[in-house]
Amino acid sequence: MQFIHPAFFYLALLAIIPIVLYFFRRRSKTVAVSTLVFFKTLAREHQESAWLRRMKKLLSLLLTLLMLAALVLALVRVVFAPRVDDINSVVILLDRSASMAAVDGDGKTRLQIAKDEIRVRLAGLPEVIGVCLIVFDGRAEVLLPRTLKRRELLSRLDQIEVRPIAQNLAAAMETAMVIAQLEKPSVIWQVSDSAPLRVDDGGEEEDGGGDGGGEVEVEVEVGKEGEVGRGEVDGVVLPEGVSLQWVDVRAAEMVNVGFTSFQVRPIPMQAGKFEAYVKVACNAAAKSTVKTQLEVNLAGMPLQLRELELEPGASVSLIIPIEGSEQQMLRLELRTEGDQLAVDDQVVYPLPESRAMVVAWITPQADPFTEIALSAIQEEGQLDLWKGGPDVWPLSEQVDVVIFDGWLPEEWPEDLPVIVMNPPGDSGPLHARSVGAAGIPYESVRVGNQQHPVLFRVSSSRVAVTQTSIYEVEGGSLQPLWLAGNEAILSAGEVRGQRMVVMGFSPGRSEYLPLTASFPLLMGNAIFWCAERSQAVVERVRENHSGDLIEIAGDEVGDELLWSDWRDGQWREYRQAMNGSLVELGRTGMWRSADGQRGVAHLLSGNETDVAAVGAEQQRASSGLAADRVQGRWGDVGRWILMVLVGLLVVESWLFHRHAVY
Amino acid sequence: MADNKIKSEELFDAEFLDRLRALFLRLRKRKQLRKKGMQSSPSTGHTREFKDFRHYTRDDDYRAIDWRLYARLDKLFIRLYEEIQEYHIHVMIDTSASMSEPFKDKQTAALKLGVALSYLGLVGHHRVSLYTMGEKVQQALPPLKGQGNIQRIIEHLSKVSFGGVTNLDRCFHEFRPSRRRYGIIFVVSDFFGSGINEAHEAVRHATTWPGEMHFIQLYHPEERSPKLDGEIELVDVETQEHRRLWLTKRDLKRYEETFDKFTEDIERSCLSRQMDYQSWRTDLAFEDQFLELLSRGSALAGG
């Protein structure tokens with residue numbers, strides 16, 4: 001038992017006052033009265049026997065002294081600490097992931113509560129026990145190796161801030177265990193709002209291993225109530241002499257609605273049109289159905305407002321059409337009454353810049369139907385079509401996509417996306433042979449993968465084709481999209497990073513295909529899909545999760561990233577220094593490098609958005625973790641002492657003053 | 001028991017005598033102003049108060065002939081004088097301990113009241129009997145008549161000792177005043193008995209008494225509103241019973257309500273039986289309260 005403020009013990013001298021008053025109290029004076037008949041009619045409690053009155057006085061003195069003792073103990077702040085010979089070191093594993101920014105009922109973030117809890121526990125820890133401070137979010141960081149300097153430890157503790165990054169507890173636990181093993185016996189304080197991973201007893205496994213072995217005691221303190229569990233950390237074996245305690249910082253209630261998925265993609269062949277795919281989830285610990293508003297803003301102007309109702313633990317996916325111009329900033333924001341975690345409430349995305357694609361169509365004999373289809377795409381203004389015979393190959397100008405129609409070059413272009421139609425022979429990874437001038441007609445095709453972007457909005461049900469080539473692609477991951485008989489007649493995929501679409505049929509000879517609207521769509525999809533990754537066509541806005549480590553390379557990339565994020569009703573800018581080309585995206589929002597590279601980073605974590613509360617975890621604990629009671633708890637007992645104090649006041653008031661009139 | 005007797009000078013000093021005489025004159029004047037009072041009777045008597053003339057008959061006393069009228073009218077007339085009825089004044093004084101302790105004023109007031117009533121009775125040519133009332137009722141003096149006996153009454157009252165308990169029921173039950181003369185009965189007491197209902201139940205015995213009844217309840221203001229607070233050990237001066245209480249303002253308020261109800265019950269009990277009731281506070285002026293007592297229609301005051 002330790003006292004944080006022992007100086008307050010001098011207040012115990014106040015006990016002299018009630019004791020003196022008790023022994024030198026004013027005796028009741030004797031008064032003669034004419035008659036007692038009127039006094040006898042007063043309340044019965046006045047007609048107590050003498051011994052009961054003496055007992056009451058004595059009891060009153062004892063209660064007063066108890067109250068004073070409780071007050072003094074509350075002020076000196078009693079904490080229960082382990083004996084010095086119990087452990088040699090403590091590893092503090094502090095969660096600073098996004099969910100720790102959740103604001104609980106008293107206005108404190110979970111990180112602040114965690115810091116307070118750590119301070120209390122440290123105050124009760126003997127000075128000779130070394131302490132190591134590790135913080136973790138997506139990765140673990142040893143902020144302070146084992147030290148006896150409490151002041152420095154507290155100073156470092158104060159500097160810790162929440163990072164909007166999803167946590168990786170398993171990796172952090174591994175780090176903590178490595179450090180905890182250095183000076184055993186030791187204890188790991190997992191200070192977080194996440195339940196500990198299941199802990200493997202490790203005895204049987206480690207018996208032959210030598211390092212572990214024996215019985216491993218694992219304490220998992222569930223909540224501040226101090227319940228202890230024994231279980232199994234997924235994939236993690238606690239070494240002998242290392243125990244784990246969970247300092248729970250969750251609140252009893254928690255409501256959070258946030259984005260768990262977000263993606264923006266341009267609609268193929270439609271200039272200035274995009275689709276935003278979002279997934280909105282509500283945490284499972286919410287008490288009831290949560291109403292939220294999804295506001296879509298483009299360039300600062302409200303575009304849409306949607307009302308959503310989410311059951312606890314449920315999610316909803318939406319596709320939101322966006323029509324905007326390049327460089328405009330798209331911002332989606334969730335407004336939920338009582339939402340306690342703000343970091344997942346909005347996403348931003350700069351609409352990418354784009355230019356018309358340049359497509360080279362090289363064919364010895366132009367198919368009119370293909371020409372019509374390409375012309376139709378060209379009219380949309382998204383395509384510059386260069387048409388030529390095999391003699392123009394190799395091309396003198398840079399193109400985005402090349403179409404080989406009925407012809408293949410001897411030297412395969414490995415740096416260009418390629419669409420091959422009706423391949424006559426072998427070239428590069430493509431091996432093909434013609435099936436004859438007449439081809440093989442098929443009245444229908446089987447669809448290999450209708451979800452592939454090349455078949456986006458393409459109707460495959462009324463397609464009759466004439467197969468002209470049998471092909472095979474060496475290596476790569478081409479996916480058959482259409483199959484006629486046993487052969488693929490339409491495939492799409494990548495070969496050593498090169499996008500390729502192969503069509504083993506002739507549109508001109510196919511009966512229905514060129515006449516349907518599906519063929520221009522198919523061509524357009526194929527061209528767009530092939531050029532999709534071409535940064536020259538569509539600006540590459542990189543989308544990452546916060547906490548990701550990305551490479552930002554370039555000659556003029558600069559030495560810092562400029563972040564923009566919408567906070568508190570306005571855009572705020574931050575700068576992040578870059579040391580080399582590898583950068584950890586430590587915040588959410590949009591970033592931009594000096595050479596114009598852009599990207600966005602969002603939390604988009606189902607685990608972080610599903611912010612837990614105590615009630616939900618207790619249910620989980622009852623079904624999963626075992627629950628043995630802790631015999632000696634750590635922590636500040638001031639709250640309990642104050643409750644005892646209040647209880648004593650109530651008892652005394654009821655015993656002695658319930659009939660008093662003031 | 002402490003010496004609770006009062007010196008006769010203290011009880012009936014010259015100043016008090018003067019005030020009482022003045023009071024008597026005021027009452028007499030009031031009586032003269034009124035044509036007829038309860039004290040006068042239709043029969044004639046031998047007082048100095050002229051009443052009427054009547055023709056002389058042979059059975060009349062010739063000494064009553066008005067010779068002046070005979071000289072003027074040559075007829076014999078006799079003068080008729082008022083005949084004043086003689087009452088029997090019974091003054092019953094509570095001599096229990098509660099009348100002298102803890103407030104001596106009650107004892108003084110009771111004795112003064114006894115003296116004053118006796119004085120009025122004697123001056124009015126009535127018979128006056130004195131009684132003490134405690135465990136039982138006792139006649140302190142035989143019926144007295146004539147102003148000369150006032151000193152005897154004073155001396156006797158100054159020697160009356162106060163103490164013991166009050167048994168109102170027994171006293172009122174055993175008290176049997178003479179029925180030979182019209183009686184005026186004054187009961188001077190605090191009416192504190194062994195129970196809170198004892199007094200107003202004991203009053204019913206008084207209905208058998210002849211004459212008019214006056215119940216005078218004496219109390220000290222602190223008996224109605226005790227100046228007590230906190231933890232107090234109370235001692236009943238009559239029974240010596242001890243009781244320890246923790247008194248709060250709420251308790252004192254309830255005490256006053258109980259006391260007021262006690263007095264109201266007695267008053268209601270008296271009035272319902274055609275008896276006069278008067279509460280007598282010892283802190284108020286004696287003369288005012290005495291005048292009020294007599295002006296409530298007492299035959300002693302001449303109606």
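# Asking why, one residue at a time

Biologist: I78(B) lies in strand β2 (residues 77–84) of chain B. This is a predicted model, right? Then why is I78(B) called buried?

Modeller: Yes, the model is predicted. The relative accessible area of I78(B) is 3%, and buried means under 20%, so I78(B) counts as buried.

Biologist: Which residues does I78(B) touch, leaving out those up to four places away in sequence?

Modeller: Among them are D52(B), F53(B), Y56(B), A64(B) and I65(B). As for Y62(B), 16 residues apart from I78(B) along the chain, the two C-alpha atoms are separated by 7.9 Å.

Biologist: And what does chain B look like overall? How many helices and strands does chain B have?

Modeller: Chain B has ten helices and ten strands. Of its 303 residues, 50% count as buried. Taking contacts in chain B between residues at least 6 apart in sequence, 75% join residues at least 24 apart.

Biologist: Let's move to where the chains meet. How many residues does each chain bring to the contact?

Modeller: Chain B brings 34 residues and chain A brings 22 residues. Between them they bury about 2800 Å², with 61% of it on carbon and sulfur atoms. On chain B's side, E231(B), R244(B) and Y255(B) supply 20% of the area buried against chain A, more than any other three residues.

Biologist: What makes K40(A) and E241(B) a salt bridge?

Modeller: Their side chains come to 3.0 Å, N to O. The cut-off is within 4 Å, from a Lys or Arg side-chain nitrogen to an Asp or Glu carboxyl oxygen, so this pair qualifies as a salt bridge. The count between chain B and chain A is one salt bridge, and eight residue pairs across the interface are in polar contact.

Biologist: Which elements of chain B give two or more residues to that side?

Modeller: They are β8 (230–236), β9 (242–247) and α9 (249–271) of chain B. The largest share, seven residues, comes from α9(B). By class, the side of chain B that touches chain A has 16 nonpolar, five polar and 13 charged residues.

Biologist: How do you know that β2(A) and β8(B) pair across the two chains?

Modeller: Pairing needs at least two bridges. Strand β2 (residues 29–33) of chain A has five bridges to β8(B), so they pair, and they run parallel. For instance, K29(A) has I232(B) as its bridge partner.

Biologist: Now chain A. What makes S491(A) and Y471(A) a polar contact?

Modeller: The two side chains come to 2.6 Å, and the limit for such a pair of N or O atoms is within 3.5 Å. S491(A) sits in strand β28 (residues 487–495) of chain A.

Biologist: Is S491(A) buried or exposed?

Modeller: Buried, because its relative accessible area is 4%. Beyond its neighbours within four places in sequence, S491(A) is in contact with residues including L478(A), P480(A) and V501(A).

Biologist: Why is strand β32 (residues 560–567) of chain A called largely enclosed?

Modeller: Six of its eight residues are buried, so β32(A) is largely enclosed by the rest of the structure.

Biologist: Which strands pair with β32(A)?

Modeller: Eight bridges join β32(A) to β33 (residues 570–577) of chain A, running antiparallel, with W563(A) opposite Y574(A). In that hairpin, which has two residues between the strands, D568(A) takes a positive phi near 55°. β35 (residues 589–592) of chain A also pairs with β32(A), over three bridges in the antiparallel sense, and there L562(A) stands opposite R592(A).

Terms used
Residues are numbered from 1 along each chain as its sequence is written. Chains are lettered from A and ligands numbered from 1 in the order in which they are written. This is a predicted model: local features need pLDDT of at least 70, side-chain atom pairs count only at pLDDT 80 or more; totals for chains, interfaces and linings use all residues. Side-chain values use heavy atoms; hydrogens and water are left out. Contact means heavy atoms within 4.5 Å. Buried area is the accessible area (1.4 Å probe) that two parts lose on being put together, summed over both. A polar contact is a pair of N or O atoms within 3.5 Å; within protein, one must be able to donate a hydrogen and the other to accept it, and residues adjacent in sequence count only if both atoms are side-chain atoms. Helices (H or I, at least four residues) and strands (E, at least two) are DSSP runs, numbered from the N terminus. Ala, Val, Leu, Ile, Met, Phe, Trp, Tyr, Cys and Pro count as nonpolar, Asp, Glu, Lys and Arg as charged, and the others, Gly among them, as polar. Buried means under 20% relative accessible area, exposed over 50%, partly exposed in between (1.4 Å probe, protein chains only).
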